[in-house]
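Please look over the structure shown here before reading on, and keep it in view while the paragraphs below lead from one part to the next.

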Amino acid sequence: MELKGIVTTGLEKAAYFLGQDFYKNQFMDKCGFTPFPGTLNLIVDEEKLDDIRLMKNSCKNVIKPDEGFGGVKYIRAILNEEIVGAIVFPDKTTHTENYLEFISKDKLRDKYGFKDGDILKLEINI
């Protein structure tokens with residue numbers, strides 16, 4: 001599935017969660033990379049909500065939580081045809097459904113110069 005998303009500033013909560021060893025270790029084991037402690041946040045068209053719901057609800061890839069934390073579903077994805085990572089769906093979130101969080105090993109805003117308003121292509125491997 002291909003989506004286009006608009007880069008937006010997030011709530012800056014992901015850094016804490018992705019900094020936890022149990023999350024980092026499981027992402028390394030299951031995705032092959034240790035995620036940068038933060039996400040690149042993308043807003044996708046609301047016309048894609050049905051596809052996103054289906055993708056999220058059928059996802060079997062789960063990072064199991066430690067006590068006091070929530071689980072995270074993930075789907076491997078490629079951003080702009082070259083950046084390997086994953087879309088994450090935390091059990092505990094305040095984001096709307098058309099708000100996707102992408103993780104990778106790098107701090108993408110710094111490495112690629114992404115800024116709010118940029119339109120990026122996301123290829124999701126479902």
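**A walk from loop to rings**

With a relative accessibility of 62%, Glu-81 counts as exposed, because a residue is called exposed when that value is over 50%. As a caution for everything that follows, this is a predicted model. Glu-81 belongs to the loop between strand 4 and strand 5, and its phi is near 65 degrees, which is a positive value in a residue other than glycine. That sign deserves attention, because most residues other than glycine have a negative phi.

Asn-80 sits in the loop between strand 4, residues 72-79, and strand 5, residues 83-90. Although Asn-80 is not a glycine, its phi is positive too, at about 50 degrees. Asn-80 has a relative accessible area of 27% and is therefore partly exposed, since this class covers what lies between the buried limit of 20% and the exposed limit of 50%.

From this loop we can turn to a patch on the surface, which is nonpolar and is formed by Ile-6, Ile-43 and Ile-119. Together these three residues have about 260 Å² of accessible area. One of them, Ile-6, is part of strand 1, which spans residues 2-8, and because its relative accessibility is 40%, Ile-6 counts as partly exposed.

The last stop is the aromatic rings, of which a search of the whole structure finds 5 pairs. One of these pairs is made by Tyr-23 and Phe-69, whose ring centres are 6.1 Å apart and whose planes stand at 90 degrees, an arrangement called edge-to-face. Why does this pair tie together parts that are 46 residues apart in sequence? The reason is that Tyr-23 lies in helix 2, residues 21-31, while Phe-69 lies in the loop between strand 3, residues 62-63, and strand 4. Tyr-23 counts as buried, because its relative accessibility is 4%.

Another pair is formed by Tyr-112 and Phe-114, and it is described as stacked because the planes of the two rings are at 15 degrees, with the centres 5.6 Å apart. Is each of these partners buried or partly exposed? Tyr-112, at 30% relative accessibility, counts as partly exposed, whereas Phe-114, at 10%, counts as buried. Returning to Tyr-23 and Phe-69, we can add Phe-22 to the picture, since ring pairs link Phe-22, Tyr-23 and Phe-69 into a cluster.

Technical notes
Residues numbered from 1 in each chain as written. Predicted model: local features only at pLDDT ≥ 70, side-chain atom pairs only at ≥ 80, totals over all residues. Heavy atoms only, no water. Patch = residues over 30% accessible without salt bridge, like charges linked within 9 Å, V, L, I, M, F, W, Y side chains within 5 Å. Areas by Shrake-Rupley, 256 points an atom, 1.4 Å probe, with all protein chains shown as cover. Salt bridge = Lys/Arg side-chain N within 4 Å of Asp/Glu carboxyl O. Helix = DSSP H or I, 4+ residues; strand = E, 2+ residues; numbered from the N terminus. Buried < 20%, exposed > 50% of the residue type's maximum accessible area, 1.4 Å probe, protein only. Phe/Tyr/Trp six-rings, centres within 6.5 Å; stacked < 30°, edge-to-face > 60°.
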